[in-house]
Amino acid sequence: QVQLVESGGGLVQPGGSLRLSCAASGNIFSINAMGWFHQAPGKQRELVATITSGGSTNYRDSVKGRFTISRDNAKNTVYLQMNSLKPEDTAVYYCNAGVVVTPGAYEYNYWGQGTQVTVSS
């Protein structure tokens with residue numbers, strides 16, 4: 001069994017910063033891509049940023065230059081540094097990881113439970 005546990009959400013004023021963390025634990029052989037998604041009320045879940053095991057990153061246009069995704073492979077942890085936050089960034093943020101549990105096995109997709117980020121004055 002694999003678990004992803006997120007932390008770091010909260011309430012912040014516009015222009016402020018937050019850092020989200022997501023730690024994977026359990027029966028893990030390796031983790032391929034990791035990422036962050038967000039879901040605002042009444043909207044679909046959307047990709048925010050991804051990072052490969054080698055460190056290549058990808059961002060949605062609306063967060064480029066403001067958000068930075070990083071990972072610590074030794075700790076099976078992915079981070080999302082969010083700067084210059086805007087009210088439209090308000091959403092539940094979910095982490096995602098492609099996990100291989102044994103050598104040669106297929107990759108399975110796992111999700112965290114979500115953490116609320118609210119940007120408001």
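## Aromatic rings, charges and the largest pocket

Arg19 lies over the face of Tyr79, with 4.1 Å between the charge and the ring centre. The model described here is predicted. A second arginine, Arg45, is placed over the face of Trp111, at 4.7 Å from the ring centre. These two contacts are listed below.

| Charged residue | Ring | Distance to ring centre |
|---|---|---|
| Arg19 | Tyr79 | 4.1 Å |
| Arg45 | Trp111 | 4.7 Å |

Trp111 also takes part in a contact between rings. A pair of aromatic rings is described by the distance of the centres and the angle of the planes. The structure holds 1 aromatic pair. Its members are Phe37 and Trp111, whose ring centres are 4.9 Å apart and whose planes meet at 65°. The arrangement is edge-to-face, because the angle of 65° is over 60 degrees. This pair connects distant parts of the chain: Phe37 belongs to strand β4 (residues 30–39), Trp111 belongs to strand β10 (residues 107–111), and the two residues are 74 residues apart.

Is each partner buried or exposed? Phe37 has a relative accessibility of 18% and therefore counts as buried, since buried means under 20%. Trp111 has a relative accessibility of 37%, so it counts as partly exposed.

The remaining topic is the largest pocket. The volume of the largest pocket is about 200 Å³. It is lined by 13 residues, of which His38, Glu46, Ser62, Glu88 and Asp89 are the closest to its centre. Sorted by class, the lining of the largest pocket comprises 7 charged, 4 polar and 2 nonpolar residues.

How values were computed: Residues numbered from 1 in each chain as written. Predicted model: local features only at pLDDT ≥ 70, side-chain atom pairs only at ≥ 80, totals over all residues. Heavy atoms only, no water. Phe/Tyr/Trp six-rings, centres within 6.5 Å; stacked < 30°, edge-to-face > 60°. Helix = DSSP H or I, 4+ residues; strand = E, 2+ residues; numbered from the N terminus. Buried < 20%, exposed > 50% of the residue type's maximum accessible area, 1.4 Å probe, protein only. Lys NZ or Arg CZ within 6 Å of the ring centre and 35° of its normal. 1 Å grid on protein atoms, 1.4 Å probe; cavity = no way out; pocket = protein on both sides within 12 Å on 5 of 7 lines; lining within 4 Å. Points joined across faces, edges and corners; volume = space filled by probe spheres on them. Nonpolar A, V, L, I, M, F, W, Y, C, P; charged D, E, K, R; others polar.
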